[in-house]
Amino acid sequence: MAKKTILDFQSMAEKGEKIVYLTAYDYLTAKMQEKAGVEMILVGDSLGMVSLGYDKTFPVTMDDMIRHCQAVRRGAPNTFIVGDMPYMSYQVSDEQAVQNAGRFIKEADMDCIKLEGAGPSIASRVKAINDAGILCMGHIGLTPQFAGQLGGYKAQGRTAQAALKLIDQAKLLEQAGACSILVEGVPAAVGKVITERANIPILGIGAGSYTHGQLLIYADMVGFY
Ligand code: KIV
């Protein structure tokens, strides 16, 4: 099967065809996922918990991510793969974000990067990465790298005011050049409105069934974790 591009995902979203998106962290899992027809793989910083045995994602480094992205690419040479920017690899400045996003492309042959967060400074990172010619997926809602500010790993957008804020955040990222947005841990109704208002593919994890596709942590899906 030919490797899908961002244009294929855009067209799937427009036609209402669901996008199949799973995490992988190693060669063998990636190989099985490609064989099974998974359309998009995320090498998430959930690597920290799922494969490295930490209890959170904060300790994961750029070098950890690059090493695992390389393994996943070797296992799935024909799959669209997203590399997840770990904690403190983009928060400092636009320059830092572009340099680290570039490592995912240059050293690990990723198709796209993902970063967490919302608001003007994250929109600025998304714009800078996009201007450097790199596809950038946003990630809003329950964003583990911001767990301290969120008061823990809690569902987001559960009041009308919080829901409206998320809807605005999604628009801001889209306007900044995000090629897609992952929405995590929000009520289905909020996932629905974000999806209906978007002109880019919206992927969900714990965001209801109305998004253009679902992401699952593969270890949760198979009941390992
Ligand atoms: O790192 C990851 O796998 C993620 C998902 C939890 C959304 O970002």
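This is a quick briefing on the fold, one helix pair and a handful of individual residues. The model is predicted, so keep that in mind as you read. The chain has 10 helices and eight strands. Its radius of gyration is 16 Å, close to the 17 Å that the globule rule gives for 225 residues, so the chain is as compact as a globular protein of that length.

**Overall build**

- The C-alpha trace spans about 45 × 40 × 35 Å along its principal axes.
- Of the 225 residues in the chain, 54% are buried.
- Take the contacts with a separation of 6 or more: 62% of them come from residues 24 or more positions apart.
- The chain exposes about 10100 Å², and carbon and sulfur atoms supply 55% of that area.

**The α4/α5 pair**

- Helix α4 covers residues 62-75 and helix α5 covers residues 94-108. Their axes come within 9 Å and cross at roughly 35°.
- The crossing of these two helices is right-handed.
- On the α4 side, the contact involves Met-62, Asp-63, Met-65, Ile-66, Cys-69, Gln-70 and Arg-73. On the α5 side, the partners are Asn-100, Arg-103, Phe-104, Glu-107 and Ala-108.
- By type, the residues of this contact divide into six nonpolar, two polar and four charged.
- Asn-100 deserves its own entry: it sits in helix α5, and it counts as buried because its relative accessibility is 13%, under the 20% cut-off.
- Leaving out residues up to four places away in sequence, Asn-100 touches Met-62, Met-85 and Ser-89. Met-62 is one of the α4 residues in the helix contact.

**Positive phi on either side of α5**

- Most residues other than glycine have a negative phi, and that is why the next two residues get a mention.
- Met-88 has a phi near 70°, a positive value in a residue other than glycine. Its place is the loop between β3 (80-84) and α5.
- With a relative accessible area of 40%, Met-88 is partly exposed.
- Asp-109 also carries a positive phi, near 55°, and it isn't a glycine either. You'll find Asp-109 in the loop between α5 and β4 (112-114).
- Asp-109 comes out as partly exposed, at 45% relative accessibility.

**A buried loop residue: Thr-143**

- Thr-143 is in the loop between β5 (136-141) and α7 (147-150).
- Despite the loop setting, Thr-143 counts as buried, since its relative accessibility is 4% and the cut-off is 20%.
- Setting aside neighbours within four places in sequence, Thr-143 is in contact with Glu-116, Gly-117 and Leu-150.

**A partly exposed helix residue: Met-49**

- Met-49 belongs to helix α3, which runs over residues 47-50.
- At 23% relative accessibility, Met-49 counts as partly exposed, because the partly exposed class starts where buried ends, at 20%.
- Not counting residues up to four places away in sequence, Met-49 touches Tyr-54, Asp-55, Lys-56, Thr-57 and Tyr-225.
- If you want a distance to check in your viewer, try Met-49 to Leu-142: they are 93 residues apart along the chain, and their C-alpha atoms are separated by 16 Å.

Key. Residues are numbered from 1 along each chain as its sequence is written. This is a predicted model: local features need pLDDT of at least 70, side-chain atom pairs count only at pLDDT 80 or more; totals for chains, interfaces and linings use all residues. Side-chain values use heavy atoms; hydrogens and water are left out. Axes are lines fitted to C-alpha atoms, for helices over the stretch in contact, and angles run from 0 to 180 degrees between N-to-C directions. Helices (H or I, at least four residues) and strands (E, at least two) are DSSP runs, numbered from the N terminus. A crossing is left-handed if the near helix is turned anticlockwise from the far one by less than a right angle, and right-handed if clockwise. Contact means heavy atoms within 4.5 Å. Ala, Val, Leu, Ile, Met, Phe, Trp, Tyr, Cys and Pro count as nonpolar, Asp, Glu, Lys and Arg as charged, and the others, Gly among them, as polar. Buried means under 20% relative accessible area, exposed over 50%, partly exposed in between (1.4 Å probe, protein chains only). The radius of gyration is taken over C-alpha atoms; the globule rule is 2.2 Å times the number of residues to the power 0.38. Accessible areas come from the Shrake-Rupley method with a 1.4 Å probe; for residues, only the protein chains shown count as cover.
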